[in-house]
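The following dialogue examines how descriptive terms are justified. Please consult the sequence and the model as you read.

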Amino acid sequence: MAKKTIITAAVTGAWPKKENNPNVPMTPQEIADDVYDCWQAGAAIAHLHMRDDEGNGTMDTAKFRETLTILKEKYPDCDIVLNLTTSGDIHADDEIRKAHVEELRPEMASYDCGSMNWLNSGLFINSPKFLEDCGLKFQEWGVKPEIEAFDPGMIGNAAYYLKKGVLKAPLHFQMCMGCANGIPGSTKNLVFMVETMNQLCPGSTWSCFGVGRSAMEMLYAAVALGGHVRVGMEDNVLYSKGVLAESNRQFVERAARIIREFGNEVATPDDAREILGLRK
Amino acid sequence: MSWGPQFMYYHCDQCGKKFKYETALIPVVGDAFGRCPVCGCMGTYEQDGARIPNDLEYEEIDE
């Protein structure tokens with residue numbers, strides 16, 4: 001039986017603006033439309049950020065609520081797994097960062113398993129208290145954490161929280177490759193990340209994305225190494241060198257082609273639920 | 001969360017060209033990092049970070 005590979009669509013993120021690519025979705029309506037488009041093209045999971053009215057990243061629960069309402073009412077056939085960020089604004093306080101998860105109870109939410117200097121300009125703080133609160137609350141709320149690991153140390157931190165009961169096995173990792181101050185995006189480094197995960201948190205599943213020049217290498221490497229993949233304008237606004245992406249769907253379609261040509265199947269949302277052990 | 005790639009933005013004092021290098025290229029291109037693709041001279045650093053609003057005005061150097 002062919003292996004099923006999950007495609008996550010990260011459609012907007014917190015940074016790129018219309019000036020960078022006019023096709024980046026910014027409003028709840030645009031984001032919902034893009035999620036539906038990506039689902040039709042084969043995405044099983046939507047990783048969602050929100051933007052405020054000026055286009056900046058925001059953790060405003062009302063924006064998440066509005067987007068999910070549009071998705072539900074306008075696209076009732078869409079059964080995509082929702083994965084809401086907890087890190088869409090580095091200035092948001094810890095309570096705001098998880099308030100939308102408590103209210104909206106998505107099947108998944110991101111869990112950035114450590115702190116780092118962000119782009120040599122700011123602090124991306126994920127304090128021990130925040131991580132312990134999120135880990136325990138997510139278990140209570142039935143939300144599966146997607147553990148974003150920007151370097152191997154964050155995998156080690158996940159292993160610590162696993163032993164402590166803050167996280168519950170099996171874990172699911174998102175290997176974030178090529179981000180500034182994180183591990184550079186190379187196949188060698190991805191292999192090391194996966195080996196570290198297998199050693200410290202055996203039985204875990206994983207996905208991967210690469211930003212910028214590492215995007216394609218990480219996409220192919222993830223498929224070849226048996227992982228799942230994430231694509232979309234959160235991580236890359238260019239489809240190829242010097243070419244702006246026309247849509248998030250374009251990224252999902254390419255990922256689906258690569259998965260099928262490799263000999264795998266593109267996982268449906270229900271496949272993803274089974275693979276990741278999600279509640280529905 | 002990602003903010004996409006990090007770039008260092010430059011202009012060339014000789015020919016006026018605007019260009020950028022992704023910081024992930026530092027170990028790949030070594031001493032050539034920051035050089036003007038036209039003149040070969042070291043560019044004048046302007047700023048760095050995720051994509052700036054007028055990012056498309058700067059040619060991306062990738063090798």
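Q: Where in chain A does A:P170 lie?
A: In this predicted model, A:P170 is placed in the loop that links helix 5 and strand 11 of chain A.

Q: What makes the peptide bond between A:A169 and A:P170 a cis bond?
A: The omega angle of the bond joining A:A169 to A:P170 is about 0°, and the bond is cis.

Q: Why is A:K168 called partly exposed?
A: A residue is buried with 20 or more other C-beta atoms within 10 Å and exposed with 12 or fewer. A:K168 has 15 within 10 Å, and is therefore partly exposed. A:K168 belongs to the loop between helix 5 (152–164) and strand 11 (172–177) of chain A. Its C-alpha lies 11 Å from that of A:S204, although 36 residues separate the two in sequence.

Q: Why is A:L119 called buried, whereas A:N120 is called exposed?
A: A:L119 has 21 other C-beta atoms within 10 Å, and is therefore buried, since 20 or more are required. A:N120 has 12 C-beta neighbours inside 10 Å, so A:N120 counts as exposed, the limit being 12 or fewer.

Q: Where do A:L119 and A:N120 lie, and what is notable about phi in each?
A: A:L119 is part of the loop between strand 8 (116–118) and strand 9 (122–124) of chain A, and A:N120 lies in the loop between strand 8 and strand 9 as well. A:L119 has a positive phi of about 55° although it is not a glycine. For A:N120, also a residue other than glycine, phi is positive and near 55°.

Q: How do you know that helix 1 of chain A has close to its expected length?
A: Helix 1 (residues 28–41) has 14 residues, and 20 Å separates its first C-alpha from its last. At 1.5 Å a residue, the expected value is 20 Å, and the span is close to it. After helix 1 comes A:G42, with a positive phi near 125°.

Q: Which elements do the buried residues of helix 1 of chain A pack against?
A: The buried residues, including A:I31, A:V35, A:Y36 and A:W39, pack against strand 2 (7–10), strand 3 (45–48), helix 2 (61–74) and helix 8 (248–262) of chain A.

Q: Which residues have the most contacts inside the largest nonpolar core?
A: They are A:I7, A:V35 and A:A43, in a core of 92 residues. Helix 1 of chain A provides the largest share of this core, 7 residues. A second, separate core has 11 residues, among them B:M8, B:Y9, B:L25 and B:Y58.

Q: What makes the crossing of helix 2 and helix 3 of chain A describable in numbers?
A: Helix 2 and helix 3 (residues 94–104) pack at about 35°, and their axes are 9 Å apart. The crossing is right-handed. The contact involves A:T61, A:F64, A:R65 and A:L68 of helix 2, and A:A99, A:H100, A:E103 and A:L104 of helix 3.

Q: Why is B:E46 called partly exposed?
A: B:E46 has 13 C-beta neighbours inside 10 Å, which is between the limits for exposed and buried, and so B:E46 counts as partly exposed. B:E46 is found in strand 3 (residues 44–49) of chain B. Leaving aside neighbours within four places in sequence, B:E46 is in contact with B:Y9, B:Y10 and B:H11.

Terms used. Residues are numbered from 1 along each chain as its sequence is written. Chains are lettered from A and ligands numbered from 1 in the order in which they are written. This is a predicted model: local features need pLDDT of at least 70, side-chain atom pairs count only at pLDDT 80 or more; totals for chains, interfaces and linings use all residues. Helices (H or I, at least four residues) and strands (E, at least two) are DSSP runs, numbered from the N terminus. The expected span of a helix is 1.5 Å times one less than its number of residues. Two residues are in contact if their C-beta atoms, placed from the backbone, lie within 7 Å. A nonpolar core is a set of buried Ala, Val, Leu, Ile, Met, Phe, Trp, Tyr and Cys residues joined through C-beta atoms within 7 Å. Axes are lines fitted to C-alpha atoms, for helices over the stretch in contact, and angles run from 0 to 180 degrees between N-to-C directions. A crossing is left-handed if the near helix is turned anticlockwise from the far one by less than a right angle, and right-handed if clockwise.
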